[in-house]
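The following exercises concern secondary structure, burial, strand pairing and ligand contacts. Each task is followed by a solution in steps.

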Amino acid sequence: MKNINKNYYIETWGCQMNEEDSEKLSGMLLNLGYSKTEEKTKAEIIIFNTCCVRENAELKFYGSLGALKRLKKEKPELIIAICGCMMQQEGMAQKLIKTYPFVDIIFGTHNSHMFPEYLNRVRQEAKTVIEIFNKEDGIIEGLPIDRESSIKAFVTIMYGCNNFCTYCIVPYVRGRERSRKPEDIQKEIEDLVKKGYKEITLLGQNVNSYGKDLEPKINFGELLREVNKIDGIERIRFMTSHPKDLTEDVIFAIKECEKVCEQIHLPVQAGSSNLLKRMNRHYTREQYLDTMQKVKKEVPNISISTDIIIGFPGETEEDFLEILSLVKEVEFDLAFTYIYSKRKGTPADEMEDQIPDDVKHSRFNRLLEVVNEGCAKKNKEYEGRVCEVLVEGPSKNDITKLMGRTRSGKLVNFEGNLELIGKLIDVTIIKAHSFSLIGEIK
Ligand code: SAH
Ligand code: SF4
Ligand code: F3S
């Protein structure tokens with residue numbers, strides 16, 4: 001093949017959506033005969049897949065892009081491509097190319113399947129290719145994909161988001177909700193089973209609204225039950241759930257499907273009904289707590305994680321105290337905490353009562369303390385328990401050890417033979433750290 005001995009480097013910011021897109025870009029390049037490299041200096045193609053959910057994601061990307069200028073000067077044949085959510089923002093591509101004229105290809109989230117064509121075009125015409133689709137098309141099935149892991153895989157079940165939370169840019173850069181057909185999802189999972197995969201995570205910005213746009217209609221609970229029937233898959237996870245759409249049939253599907261793991265990511269975002277309303281979340285504090293109670297009652301020992309935004313416009317000290325008390329009441333296993341970041345084009349960006357940075361940071365630190373204390377306490381409860389662990393590979397910090405996850409998603413490090421990778425084993429938890437557990441094979 002003509003691209004043999006040529007390498008590409010790909011760097012990805014943002015969420016699993018972007019990671020999956022990068023795996024598909026990788027798949028396309030491997031099909032063209034390229035190899036992946038972890039070193040930019042060894043690459044003939046460099047791709048940056050960008051995120052714009054918060055300002056700091058953008059700043060990191062700018063830093064990395066600026067550093068490529070020298071590389072391109074030393075190696076003019078290098079092709080630099082940038083893509084992802086940031087490129088979908090109005091005027092962004094034109095602005096970028098003015099400041100960084102050495103970029104060769106710019107495309108967005110709706111046309112990444114066309115990357116091989118852009119690559120050809122830039123070689124033939126020797127000028128920058130910029131192509132952003134403003135609107136999402138249907139779903140493109142059957143793209144090659146080069147997955148990071150050979151044990152667990154993300155399977156996107158729907159694209160886009162219809163919710164327009166007032167702080168969030170995702171609906172503007174990822175388009176409206178589009179569900180994949182259940183038979184396409186099923187086929188992808190069956191192919192993964194044939195390749196030896198043991199765990200899948202069903203992905204979408206709001207998986208609970210899966211299927212609303214399909215004919216015949218199917219809902220997320222029904223999809224979970226269908227996927228649960230597929231032979232060979234050991235574990236099923238899903239994210240993200242929206243509290244407003246988490247219905248009882250989904251809770252019962254988690255309870256009754258043996259492969260669906262006892263884990264849920266249910267972003268609360270704020271602790272007071274007042275802020276939730278201004279965020280356009282469509283649930284109150286009481287409704288969230290009520291849903292949590294139902295979940296815990298039906299699925300005991302379920303591990304619960306959440307996202308929280310601090311410093312949303314208009315957040316008062318009382319609002320803030322309400323998130324602290326909610327965190328204590330729910331007892332989250334994990335909470336991702338974010339400082340509110342203004343995003344152009346979103347309603348919250350225009351709100352008048354923006355919170356000063358020092359207040360945001362001080363509240364953020366106070367929240368972190370409560371969150372960390374709560375999570376450490378939840379982990380401590382695992383000491384002495386025997387857990388089923390899916391062994392994923394060598395431990396990140398100590399390659400003489402193995403790492404894997406419990407059904408509840410907790411990371412466990414333990415001593416064991418490399419042959420156990422990909423297997424389900426019982427591990428006794430002997431010590432809990434704040435963000436991981438130490439175990440011993442039973
Ligand atoms: N669809 C998912 C994830 C969206 S992005 C969901 O609805 O939960 C992941 C998280 O980023 C969000 O849950 C939110 O907590 C955070 N986030 C989104 N926009 C933000 C902003 N402008 N500032 C700070 N955090 C933000
Ligand atoms: Fe953003 Fe809200 Fe959609 Fe999540 S549900 S992606 S926070 S708009
Ligand atoms: Fe970022 Fe796009 Fe995901 S903005 S969080 S990569 S959907």
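The exercises below refer to a predicted model, and every value in them is computed from that model.

**Exercise 1. Helix H11**

Determine whether the end-to-end distance of helix H11 (residues 285–298) agrees with the span expected at 1.5 Å a residue, and state which elements its buried residues pack against.

Solution.
Step 1. Helix H11 has 14 residues, and at 1.5 Å a residue it should span 20 Å.
Step 2. The C-alpha atoms at its ends are 20 Å apart, which agrees with the expected span.
Step 3. The buried residues of H11 are Arg 285, Tyr 288, Leu 289, Thr 291, Met 292, Val 295 and Glu 298.
Step 4. An α-helix has 3.6 residues a turn, so residues three or four places apart point the same way.
Step 5. The packing partners of the buried residues in H11 include three helices by name, H9 (248–256), H10 (273–278) and H12 (317–330). Strands S12 (263–265) and S13 (303–310) are also among the partners.

**Exercise 2. The sheet S7-S10-S11**

Give the strand order and pairing sense of the sheet that contains S10, and identify its edge strands.

Solution.
Step 1. S7, S10 and S11 form an open sheet in that order, with parallel pairing.
Step 2. The edges are strand S7 (152–156) and strand S11 (235–239). Each has a single partner strand, so one side of each lacks a neighbour in the sheet.
Step 3. From one strand to the next, the twist averages 25°.
Step 4. Five bridges support the parallel pairing of strand S10 (residues 199–203) with S11. Within this sheet, Ile 200 stands opposite Ile 236 in S11.
Step 5. Helix H7 (residues 182–194) lies across S7 and S10, and runs at about 165° to S7.

**Exercise 3. Leu 224**

Is Leu 224 buried or exposed, and which residues does it touch beyond four places in sequence?

Solution.
Step 1. Leu 224 belongs to helix H8 (residues 220–228).
Step 2. The relative accessible area of Leu 224 is 0%. The cut-off for burial is under 20%, and Leu 224 is therefore buried.
Step 3. Not counting residues up to four places away in sequence, Leu 224 touches Leu 202, Ile 236, Phe 238, Val 250, Ala 253, Cys 257 and Val 260.
Step 4. Ile 236, one of these contacts, is the residue that Ile 200 faces in S11.
Step 5. As a distance check, the C-alpha atoms of Leu 224 and Asn 134 are separated by 32 Å, the two residues being 90 apart along the chain.

**Exercise 4. The sheet S12-S13-S14**

Describe the order, edges and twist of the sheet that contains S13, and locate the helix that lies across S13 and S14.

Solution.
Step 1. This open sheet of three strands has the order S12-S13-S14, and its pairing is parallel.
Step 2. S12 and strand S14 (334–339) stand at the edges; each has a single partner strand, so one side of each is left without a neighbour in the sheet.
Step 3. The twist here averages 10° from one strand to the next.
Step 4. S12 and S13 run parallel and are joined by three bridges. His 265 has Ser 305 in S13 as its bridge partner.
Step 5. Helix H13 (residues 357–380) lies across S13 and S14, at about 175° to S14.

**Exercise 5. Strand S4**

How many residues of strand S4 (residues 79–84) are buried, and which strands pair with S4?

Solution.
Step 1. Six of the six residues are buried, so S4 is largely enclosed by the rest of the structure.
Step 2. Ile 79, Ala 81 and Cys 83 point one way, whereas Ile 80, Ile 82 and Gly 84 point the other way.
Step 3. Strand S3 (residues 45–50) runs parallel to S4 and is joined to it by six bridges. The bridge partner of Asn 49 in S4 is Cys 83.
Step 4. Strand S5 (residues 105–107) pairs with S4 in the parallel sense over two bridges. Ala 81 stands opposite Ile 105 in S5.

**Exercise 6. Ligand 1**

Which residues come nearest to ligand 1?

Solution.
Step 1. Of the 14 residues around ligand 1, the nearest are Arg 54, Gln 205, Gln 269, Asp 307 and Ser 341.
Step 2. Gln 205 places a polar side-chain atom 2.7 Å from a nitrogen atom of the ligand.
Step 3. Gln 269 has a polar side-chain atom 2.7 Å from an oxygen atom of ligand 1.
Step 4. For Ser 341, a polar backbone atom lies 2.8 Å from a nitrogen atom of ligand 1.

Notes: Residues are numbered from 1 along each chain as its sequence is written. Chains are lettered from A and ligands numbered from 1 in the order in which they are written. This is a predicted model: local features need pLDDT of at least 70, side-chain atom pairs count only at pLDDT 80 or more; totals for chains, interfaces and linings use all residues. Side-chain values use heavy atoms; hydrogens and water are left out. Helices (H or I, at least four residues) and strands (E, at least two) are DSSP runs, numbered from the N terminus. The expected span of a helix is 1.5 Å times one less than its number of residues. Buried means under 20% relative accessible area, exposed over 50%, partly exposed in between (1.4 Å probe, protein chains only). Contact means heavy atoms within 4.5 Å. Two strands pair if DSSP finds at least two bridges between them. Axes are lines fitted to C-alpha atoms, for helices over the stretch in contact, and angles run from 0 to 180 degrees between N-to-C directions. A residue is near a molecule or strand if one of its heavy atoms lies within 4 Å of it. A polar contact is a pair of N or O atoms within 3.5 Å; within protein, one must be able to donate a hydrogen and the other to accept it, and residues adjacent in sequence count only if both atoms are side-chain atoms.
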